Amino acid sequence: MGWVFQGNPKTFDIDDYLSRYPELIYWRTPRYAADIAIGDRAFLWRAGKKSGAIAIGVVVESPTPASRVQHPEALGDDLWIAERPDPAENKTGIRIEELRISPSEMAPRNLVKADSLLATTTLITMPNGTVFRLSAQETEALEKLWGFSSALVGASSASEGERKLRAHYVRERSPRLRADKVAAFRSEHGHLRCEICGHTEVGMYPPPFGDKMFEVHHRAPLAKTTEPIRTTLADLAVLCANCHRSVHSTKAVEDNYKCLVSHFAERS
Ligand SMILES: [Zn+2]
Ligand SMILES: [Zn+2]
């Protein structure tokens with residue numbers, strides 16, 4: 001059995017939520033609370049203009065009132081746009097295995113609609129809802145459209161370290177988080193500057209290109225994030241592309257970071 005959890009970007013900022021919590025998220029579950037079980041396949045579906053499946057995962061916490069979930073810090077309650085979250089409302093905990101927020105990577109609605117089996121599901125025929133049930137066959141069809149290879153068995157078999165690294169990259173590649181961090185850094189320091197080597201956006205390259213080589217790096221140590229944590233701007237560092245690449249050149253990301261910082265500190 002599988003489930004599709006739908007979110008409307010008009011009422012909840014899904015993209016921001018998923019990039020801040022790329023490992024574990026909670027979804028509103030007004031229906032099927034008694035049927036959704038740990039281990040079930042879960043898809044996240046974005047409604048609206050860019051509609052389609054944007055994440056694949058697995059249920060790790062069966063529907064529980066929001067006030068009693070295991071990781072309340074990951075509820076994303078601050079991201080509701082109009083309504084206030086209700087603490088009595090059931091939430092399902094979903095471990096994200098793969099995230100494809102960008103419209104070019106997701107499984108768009110028209111692709112799902114073109115599938116003869118999936119075209120008859122309520123997800124397509126009666127799309128106003130939050131949770132949709134899929135039969136085993138329908139689940140398999142959607143996994144196939146997603147490009148989920150059963151040989152890989154998703155990330156359920158991936159090591160903890162691999163999952164964390166992937167979550168790390170999701171945070172760093174979020175255009176939203178990068179834009180917010182860049183704006184905050186500029187307003188504090190006046191211009192962008194690599195926090196390792198000191199390279200600045202002014203001088204070397206002319207204006208439209210100056211900021212293009214800056215990326216954000218997620219500082220939280222990979223090994224220690226056993227709990228889902230909200231990514232705040234303070235967790236992100238502004239780095240030039242060269243330094244960022246060097247930091248990620250081996251798995252010892254934190255050691256590389258420290259080593260490079262002290263290297264440039266000695267030179268100055
Ligand atoms: Zn640098
Ligand atoms: Zn990084």
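Here are some exercises with worked solutions on a predicted model.

**Exercise 1: the cysteine zinc site**

Task: Find which residues coordinate the zinc ion (ligand 1), and work out what arrangement the donor atoms form.

Solution:
- Step 1. Start at the metal and look for its donors. The zinc ion (ligand 1) is held by the SG atoms of C194, C197, C240 and C243, at 2.3 to 2.4 Å.
- Step 2. Now follow these residues along the chain. Their spacing reads C-x2-C-x42-C-x2-C.
- Step 3. Turn to the angles. The 4 donor atoms subtend 104 to 116° around the zinc ion (ligand 1), and four donors count as tetrahedral if all angles lie between 85 and 135 degrees, so the arrangement is tetrahedral.
- Step 4. Finish with accessibility, where buried means under 20% relative accessible area. C240 has 6% relative accessibility and therefore counts as buried. C243 is buried too, with a relative accessible area of 6%.

**Exercise 2: the second zinc ion**

Task: List the protein donors of the zinc ion (ligand 2) and place E172 and H244 in their helices.

Solution:
- Step 1. Gather the donors. E172 appears twice through OE atoms, joined by H217 (ND1), H244 (NE2) and H248 (NE2). These donors lie 1.9 to 2.5 Å from the zinc ion (ligand 2).
- Step 2. Write down the pattern along the chain. It is E-x44-H-x26-H-x3-H.
- Step 3. Pick out one pair. E172 sits in helix α5 and H244 in helix α8 (residues 241-247); 72 residues apart, the two link distant parts of the chain.
- Step 4. Check their surroundings. Both E172 and H244 are buried.

**Exercise 3: the largest pocket**

Task: Describe the lining of the largest pocket, and explain where the pocket lies relative to domain 1 and domain 2.

Solution:
- Step 1. Begin with volume and lining. The largest pocket has a volume of about 640 Å³, and 26 residues line it. Nearest its centre are L99, I101, E105, V170 and R173.
- Step 2. Sort the lining by residue type. There are 13 charged, 10 nonpolar and 3 polar residues.
- Step 3. Ask which elements contribute. At least two lining residues come from each of α1 (14-20), β5 (90-99), α5 (160-173) and α6 (175-189). The largest share, 8 residues, is supplied by α5.
- Step 4. Compare with the domains. Domain 1 (2-146) and domain 2 (160-267) both give residues to the lining, so the largest pocket lies between them.

**Exercise 4: the second largest pocket**

Task: Say how the residues that line the second largest pocket divide by type, and which strands supply at least two of them.

Solution:
- Step 1. The second largest pocket has a volume of about 340 Å³. Of its 22 lining residues, Q6, G7, N8, A47 and G129 are the closest to its centre.
- Step 2. By type, the lining holds 9 nonpolar, 9 polar and 4 charged residues.
- Step 3. The strands β1 (2-7) and β2 (24-28) each supply at least two lining residues. The largest share, 3 residues, comes from β2.

**Exercise 5: two positive phi angles**

Task: Compare the places of Y32 and G147 in the chain.

Solution:
- Step 1. Recall the background. Most residues other than glycine have a negative phi.
- Step 2. Look at Y32. Although not a glycine, Y32 has a positive phi of about 60°. Y32 lies in the loop between β2 and β3 (41-46), and counts as buried because its relative accessibility is 18%.
- Step 3. Move on to G147. This glycine follows α4 and has a positive phi near 90°.
- Step 4. Look back along helix α4 (residues 136-146). Its buried residues are E138, T139, A141, L142, E143 and W146.

Note on methods:
Residues are numbered from 1 along each chain as its sequence is written. Chains are lettered from A and ligands numbered from 1 in the order in which they are written. This is a predicted model: local features need pLDDT of at least 70, side-chain atom pairs count only at pLDDT 80 or more; totals for chains, interfaces and linings use all residues. Side-chain values use heavy atoms; hydrogens and water are left out. On a 1 Å grid over the protein atoms alone, a cavity is a set of points where a 1.4 Å probe fits but cannot get out, and a pocket is an open set with protein on both sides within 12 Å along at least five of seven lines; lining residues have an atom within 4 Å of a point. Grid points are joined across faces, edges and corners, and a volume is the space filled by probe spheres set on the points. Helices (H or I, at least four residues) and strands (E, at least two) are DSSP runs, numbered from the N terminus. Ala, Val, Leu, Ile, Met, Phe, Trp, Tyr, Cys and Pro count as nonpolar, Asp, Glu, Lys and Arg as charged, and the others, Gly among them, as polar. Domain bounds come from an automatic or database domain assignment. Donors are N, O and S atoms within 2.8 Å of the metal (3.2 Å for Na, K and Ca); water is not among the atoms, so sites may look incomplete. Buried means under 20% relative accessible area, exposed over 50%, partly exposed in between (1.4 Å probe, protein chains only). Four donors count as tetrahedral if all angles lie between 85 and 135 degrees; four count as square planar and six as octahedral if opposite donors are over 155 degrees apart and all others between 65 and 115; anything else is irregular.
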